[in-house]
Amino acid sequence: MTKIIGHRGARNLWPENSLMGFRHAVQLGVDAIEFDVHLTDSGELLVIHDAMLDRTARATGPVRRLAPEARATTRLRDTDEVIPTLADVLAVLAPEGGPHLHVEIKVDETCTPYPDIALRVAEELRHFGVDNRAHLTSFDTSVLADCRRHAPHVARLVSVNADWARRQGGLAAFLAAVDELVEIVAVHHELMAAEWELIRSTVPLERLCVWTLNEEAEIRYWLDRGIGHLTSDRPDLALRLRGALPHKADPCSPSH
């Protein structure tokens with residue numbers, strides 16, 4: 001059965017990467033919640049998507065320059081919440097029986113990986129006891145190699161779209177390079193559709209994730225294909241559509 005992943009919580013339903021959004025996504029019953037982590041110059045791990053504050057926070061400038069005192073009063077847009085730390089988010093998501101976590105490790109505003117961020121994130125996951133139900137994720141294979149070095153027991157996911165594949169020497173070369181590095185390959189839906197035969201012949205279905213699908217027809221299409229994982233800003237819709245799929249009998253079970 002396709003696993004449904006709430007993108008940045010559920011960003012079409014509630015403010016992205018907000019504690020409110022994460023709490024509601026848990027209540028929806030998603031299989032996993034995806035969110036993003038940056039590292040500030042002060043050493044805080046912050047959950048926010050962009051390397052710049054401007055789009056999602058009531059502030060401007062690079063995330064990495066945000067001091068703890070300023071962060072504590074910097075509100076997210078469309079909510080009274082401040083930018084959460086990774087610890088804030090894990091306190092919400094860590095209780096036993098909670099969803100799987102897809103923790104995307106971001107780069108700074110110059111596209112440079114933050115020093116030691118993989119180690120810091122892995123240590124925080126371990127501290128909250130969720131490292132056994134988490135994937136560390138990135139587009140950047142050097143970041144994922146750091147994840148493997150510092151936390152080899154934590155699963156990994158790599159993301160790719162058409163532009164990134166071109167920059168890595170082509171999709172076939174990219175897929176070959178990441179085969180032993182990650183457990184899940186997350187492919188943008190347009191690239192997945194365009195290169196389905198290549199992808200399907202290279203990566204087992206259960207290791208594939210398609211992102212980010214928000215329209216009913218697209219979600220149905222990939223659910224019908226039995227894709228392993230599906231990321232959506234509307235996980236409520238994806239869950240409803242998955243629940244409406246006809247039950248497929250287990251061919252190994254005897255009929256009655």
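This is a short talk on the cysteines, the largest pocket and the aromatic pairs of one structure.

Hi everyone, thanks for coming. One thing before we start: what you have in front of you is a predicted model.

Let's begin with the cysteines. How many disulfides does the structure hold? The count is zero. Take C111 to begin with. Its closest cysteine sulfur is in C147, and at 17 Å that is too far for a bond. With a disulfide calling for two sulfurs within 2.5 Å, C111 stays unpaired because its sulfur is 17 Å from that of C147. Now, is C111 buried or exposed? C111 is exposed, with a relative accessibility of 59%.

Then there is C209. For C209, too, the closest cysteine sulfur sits in C147, at 17 Å, and again that is too far for a bond. The surroundings of C209 are another matter: C209 has a relative accessible area of 2%, so it counts as buried.

On to the largest pocket, where we meet C111 again. The space in this pocket comes to about 410 Å³. Its lining has 17 residues, and those closest to the centre are K106, V107, C111, F139 and W164. Which elements give two or more residues to that lining? They are strand β4, residues 100-105, and helix α6, residues 162-167. Of the elements, α6 has the largest share, with three residues. For those of you thinking about chemistry, the lining divides into seven charged, six nonpolar and four polar residues.

Last topic: aromatic rings. There are five aromatic pairs in the model. One of them joins F22 and F35, an edge-to-face pair with 5.7 Å between centres and 65° between planes. Where do these two sit in the chain? F22 belongs to helix α1, residues 19-28, and F35 to strand β2, residues 32-39, so the pair links distant parts of the chain, 13 residues apart. Both F22 and F35 are buried.

Compare Y221 and W222. Their ring centres are 5.0 Å apart and their planes stand at 90°, so this pair is edge-to-face. Y221 is partly exposed, at 40% relative accessible area, whereas W222 is buried, at 3%.

Finally, a link back to the pocket. F139, W164 and W211 make up one aromatic cluster, and F139 and W164 are among the residues closest to the pocket centre.

That's my tour. Over to you for questions!

Methods:
Residues are numbered from 1 along each chain as its sequence is written. This is a predicted model: local features need pLDDT of at least 70, side-chain atom pairs count only at pLDDT 80 or more; totals for chains, interfaces and linings use all residues. Side-chain values use heavy atoms; hydrogens and water are left out. Buried means under 20% relative accessible area, exposed over 50%, partly exposed in between (1.4 Å probe, protein chains only). On a 1 Å grid over the protein atoms alone, a cavity is a set of points where a 1.4 Å probe fits but cannot get out, and a pocket is an open set with protein on both sides within 12 Å along at least five of seven lines; lining residues have an atom within 4 Å of a point. Grid points are joined across faces, edges and corners, and a volume is the space filled by probe spheres set on the points. Helices (H or I, at least four residues) and strands (E, at least two) are DSSP runs, numbered from the N terminus. Ala, Val, Leu, Ile, Met, Phe, Trp, Tyr, Cys and Pro count as nonpolar, Asp, Glu, Lys and Arg as charged, and the others, Gly among them, as polar. Rings of Phe, Tyr and Trp (its six-membered ring) pair if their centres lie within 6.5 Å; planes under 30 degrees apart count as stacked, over 60 as edge-to-face and the rest as tilted.
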